[in-house]
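Please look through the sequence and the model shown below before reading on. The paragraphs that follow walk through the fold step by step, beginning with a single residue and widening from there.

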Amino acid sequence: MTSVEELTVQVPWGQIAVKLWGPTADLKIMAVHGLNDNAASFDQLIPLLGGGLCVACVDLPGHGRSSPLPLGLLPSPLHLAWALRRVVDHFQWGRFDLLSHSMGGHVAVYLSALFATSITRVCLIDGFFAHVIPEGDFVLERCQVVLDKLLRHESQTNKHLYTYEESLSKLGRDRQTNLGIESIRALQKRAFSKTTNGYVYNNDSRMKLLTYPLITLDFHLGLIRRMDCRLLMISTSQFEPFLSTPATKRSLVELQQTLGSRMQTVRVEGSHDVHMDQPLNLVPIIKQFFSCQKCLL
């Protein structure tokens, strides 16, 4: 059985919590969860991948047991990518791979572009889409809207207390897709902190603002052009609407032109949260990708 360690990495604004699977293994992988999830979202998948992998499942800032970003700062994938770089430096990893889901895939694209010489392989599970300002939505107008929302979120200081059952209901209710109860229970252990009077939700409400991107399509295409890795894109039927937007279609063309034969796309059966609820559907594909010697070229 793969050994697991719970660690914290100290950062200027607090700490980043890491669930480290196989700490002594040679192949280094950072796992990046989706919006409002946490490191436990990979609990069902990682043990099925076998030994030989050192997987650092991180609670992104403002999620799970990690500290929120400083007040006054507007959360963005760029800030999250920089935070993850601090974790990589802490572990003194030279080259490493990425495994990501949903919004975590957007963060993985940033990491792959900003630190291209450090990243060998990237696996995106329902995680590639052009998360950009919609056509016709002017940048300054979007900034005004997001700033107003940021100020409202920062004014919310009261911490609501939940019973255990209420905490499970909240996690299920706040999702856009249905999630199995066992997966919800796994997320709950990090998403809530138990007090003498009940459970307190840990996630920073400002993270909801990640759904309001402030980058243009040109900026996103520039990120793609800087990528220099092997890429495995896994998608489910629930993710199809995201892949069909004009901006994402344009980005996929750019991705193919940039990576060529190093890019692989696979469609699997299962829900958007397939890595939690149907992990066996992913195991052979991901195991082959991370063990394939050709993927190192």
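Is Thr 248 buried or exposed? In this predicted model, Thr 248 has a relative accessible area of 1% and is therefore classed as buried, since the limit for that class is under 20%. Thr 248 has its place in helix H8, and, when residues up to four places away in sequence are left aside, its contacts are with Phe 128, Phe 129, Ala 130, Phe 242 and Leu 243. For a sense of distance across the model, the C-alpha atom of Thr 248 is separated by 32 Å from that of Ser 67, and these two residues are 181 positions apart along the chain.

Ser 251 is likewise a residue of helix H8, and because its relative accessibility is 0%, Ser 251 counts as buried. With residues up to four places away in sequence again excluded, Ser 251 touches Phe 128, Ala 130, Leu 217, His 220, Leu 221 and Ile 224. Phe 128 and Ala 130 also appear among the contacts of Thr 248, while Leu 217, His 220, Leu 221 and Ile 224 are residues that helix H6 brings to its contact with H8.

That leads to the helix pair itself. Helix H6, residues 217-225, packs against helix H8, residues 246-259, at an angle of about 25°, and their axes lie 9 Å apart. The angle is under 35 degrees, so H6 is described as roughly parallel to H8. The crossing of H6 past H8 is right-handed. On the H6 side the contact is made by Leu 217, His 220, Leu 221, Ile 224 and Arg 225, and on the H8 side by Ala 247, Arg 250, Ser 251, Glu 254, Leu 255 and Thr 258. Sorted by class, this contact holds five nonpolar, three polar and three charged residues.

A second helix pair is formed by helix H4, residues 164-173, and helix H5, residues 181-191, which pack at an angle of about 110° with their axes 9 Å apart. Because that angle falls in the range of 65 to 115 degrees, H4 counts as roughly perpendicular to H5. Here Tyr 164, Ser 167, Leu 168, Leu 171 and Gly 172 of H4 meet Ile 181, Ile 184, Arg 185, Leu 187, Gln 188 and Ala 191 of H5. The residues of this contact comprise seven nonpolar, three polar and one charged.

Helix H5 also leads to a sheet, for H5 lies across S8 and S9 and runs at about 65° to S8. Three strands make up this open sheet, in the order S7-S9-S8 and with antiparallel pairing. Its edges are strand S7 (161-162) and strand S8 (192-195), each of which pairs on one side only. Between S8 and strand S9, residues 198-201, there are four bridges in the antiparallel sense, and within this pairing Lys 194 has Tyr 199 of S9 as its bridge partner.

The other sheet to follow is an open one of eight strands, arranged in the order S1-S2-S4-S3-S5-S6-S10-S11 with mixed pairing. S1 and strand S11 (263-267) stand at the edges and have a single partner strand each, so one side of each is left without a neighbour in the sheet. On average, and with direction ignored, neighbouring strands of this sheet are turned by 20° against each other.

At the S1 end of that order, how are the strands joined? Strand S1, residues 4-11, runs antiparallel to S2 and is joined to S2 by eight bridges, and the two strands form a hairpin with two residues between them. Within this pair, Val 9 stands opposite Ile 16 of S2. Strand S2, residues 14-21, is mostly covered, with six of its eight residues buried. S2 also pairs with strand S4, residues 53-58, in the antiparallel sense over four bridges. Along this pairing, the bridge partner of Lys 19 in S4 is Cys 57, and Trp 21 stands opposite Val 55 of S4.

Terms used
Residues are numbered from 1 along each chain as its sequence is written. This is a predicted model: local features need pLDDT of at least 70, side-chain atom pairs count only at pLDDT 80 or more; totals for chains, interfaces and linings use all residues. Side-chain values use heavy atoms; hydrogens and water are left out. Buried means under 20% relative accessible area, exposed over 50%, partly exposed in between (1.4 Å probe, protein chains only). Two strands pair if DSSP finds at least two bridges between them. Axes are lines fitted to C-alpha atoms, for helices over the stretch in contact, and angles run from 0 to 180 degrees between N-to-C directions. Angles under 35 degrees count as roughly parallel, over 145 as roughly antiparallel, 65 to 115 as roughly perpendicular and the rest as oblique. Contact means heavy atoms within 4.5 Å. Ala, Val, Leu, Ile, Met, Phe, Trp, Tyr, Cys and Pro count as nonpolar, Asp, Glu, Lys and Arg as charged, and the others, Gly among them, as polar. A crossing is left-handed if the near helix is turned anticlockwise from the far one by less than a right angle, and right-handed if clockwise.
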